[in-house]
Amino acid sequence: FSADTLLAEDGSFGNDSDGTLTVAFIGGSLTDAQSFITYQGRAYGGKSWTNTICRYLEEKFPNRQIKPINAGVTGTTSDYGALRFENSILQYGPDIIFIEYTVNDMGFSSREDSQKYMEAMVRMSQQLDKIPVIVFMYTANVDGKDTDQHIRWEQGKNWKQEIADYYGLGSINIYDYIYSLFEASEYDVFYDFIEATKQYGKNGEGWDVHGGYKYYAEAIIKALDENPSSLIKHPDVKTEWFENGSYKDTAY
């Protein structure tokens, strides 16, 4: 499918044509969400945000078979994501790819490291006969906006957005969405709000250590519903790497 076939005639997200819609997710623990959703020691399946997005797609595309690919691996950064991107994602011919590495990539100390692996995944995608839609997601850390940790997060997010802008990609700032919910809540400390989001613990038992996957799904669905044309875009095919390929001699 081309990006245009994901949008209805009125520009909304959802075009009811037949076929398979392959939706892929890659990132760290925030994507590999199932391992953190437990109830009495058992996996509490079907509640991660990726599953919620797939159910949303099933409603938007009732005549299409939704094929989900979740390639999230807990604790990993975008260098490992780029290393396995072809085997974990591209071999399945995805129509749309959500890429999440903002929090784990905070360990990168340089702009170059923060950008080159994200760019590598985009450039590998543009070699396919069917170029997928790619969406960058800026997921939430647990620190408020007045902290040194968040300043590092913001810097890394801005570096990734430079890649998104260069290749004409859509992006979703999930942190800002969750922070807006915090500001409307009774909590004074952002971490306390995150810790209190016991979205999926049955009967009040257990909670998701990353602070409520419900909000991740809400942020993505909100963005797709409100401004789909800003997200449903193929990467622009570029012959030159960002900034003229200053790290062109890497393995990618």
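This is a dialogue about reading helix packing, the nonpolar core and two single residues in a predicted model.

Trainee: Before going into detail, how many helices and strands are there in the protein, and in what order do the elements run from the N terminus on?

Mentor: The protein has seven helices and seven strands, and from the N terminus on their order is β-β-β-α-β-α-β-α-β-α-β-α-α-α. Of the 252 residues, 50% are buried, and among contacts with a separation of 6 or more, 75% join residues that are 24 or more positions apart.

Trainee: By what are two packed helices described?

Mentor: Two packed helices are described by the angle between their axes and by the distance between those axes. Take helix 2, residues 78-88, and helix 3, residues 111-125, whose axes come within 8 Å and cross at roughly 20 degrees. Since angles under 35 degrees count as roughly parallel, helix 2 and helix 3 are therefore roughly parallel to each other, and their crossing is left-handed.

Trainee: Which residues of helix 2 and helix 3 meet?

Mentor: From helix 2 come Ser-78, Asp-79, Gly-81, Ala-82 and Phe-85, and these meet Tyr-117, Met-118, Ala-120, Met-121, Met-124 and Ser-125 of helix 3. By class, the residues of this contact are seven nonpolar, three polar and one charged.

Trainee: At what angle does helix 3 pack with helix 4, and which residues meet there?

Mentor: Helix 3 and helix 4, residues 148-167, pack at an angle of about 35 degrees with their axes 9 Å apart, and this crossing is right-handed. Among the residues of helix 3 in this contact are Arg-111, Met-118 and Arg-123, while helix 4 brings residues including Trp-159, Ile-163 and Tyr-167. The contact of helix 3 with helix 4 has six nonpolar, three polar and five charged residues.

Trainee: And how do helix 5 and helix 7 cross, at what angle and with what handedness?

Mentor: The axes of helix 5, residues 174-183, and helix 7 come within 9 Å and cross at roughly 110 degrees, which makes helix 5 roughly perpendicular to helix 7. The crossing is right-handed, and the contact is made by Ile-174, Tyr-177, Ile-178 and Leu-181 of helix 5 with residues of helix 7, among them Tyr-215, Ala-219 and Ile-220. Eight residues of this contact are nonpolar, none is polar and two are charged.

Trainee: How many residues has the largest nonpolar core, and which of them have the most contacts inside it?

Mentor: The largest nonpolar core has 68 residues, and those with the most contacts inside it are Trp-49, Ile-89, Ile-99, Phe-136, Ile-178 and Ile-220. Helix 7, residues 213-226, supplies the largest share of this core, with nine residues. As for Phe-136, the residues it touches, leaving out those up to four places away in sequence, include Ile-99, Met-118, Val-122 and Ile-163.

Trainee: Is Arg-123 buried or exposed, and what is it in contact with?

Mentor: Buried means under 20% relative accessible area, and so Arg-123, at 10% relative accessibility, counts as buried. Arg-123 lies in helix 3, and, neighbours within four places in sequence aside, it is in contact with Tyr-167, Lys-238, Thr-239, Glu-240 and Trp-241. Its C-alpha is 7.9 Å from that of Val-237, although the two are 114 residues apart in sequence.

Trainee: Where is Asn-51 placed, and as what does it count by relative accessibility?

Mentor: Asn-51 is in helix 1, residues 49-60, and at 24% relative accessibility it counts as partly exposed. The C-alpha atoms of Asn-51 and Ala-217 are separated by 8.8 Å, with their positions 166 residues apart along the chain.

Notes. Residues numbered from 1 in each chain as written. Predicted model: local features only at pLDDT ≥ 70, side-chain atom pairs only at ≥ 80, totals over all residues. Heavy atoms only, no water. Axes fitted to C-alpha atoms, helices over the stretch in contact; angles between N-to-C directions. Helix = DSSP H or I, 4+ residues; strand = E, 2+ residues; numbered from the N terminus. Parallel < 35°, antiparallel > 145°, perpendicular 65-115°, else oblique. Left-handed = near helix turned anticlockwise from the far one by under 90°. Contact = heavy atoms within 4.5 Å. Nonpolar A, V, L, I, M, F, W, Y, C, P; charged D, E, K, R; others polar. Core = buried A, V, L, I, M, F, W, Y, C linked by side-chain atoms within 4.5 Å. Buried < 20%, exposed > 50% of the residue type's maximum accessible area, 1.4 Å probe, protein only.
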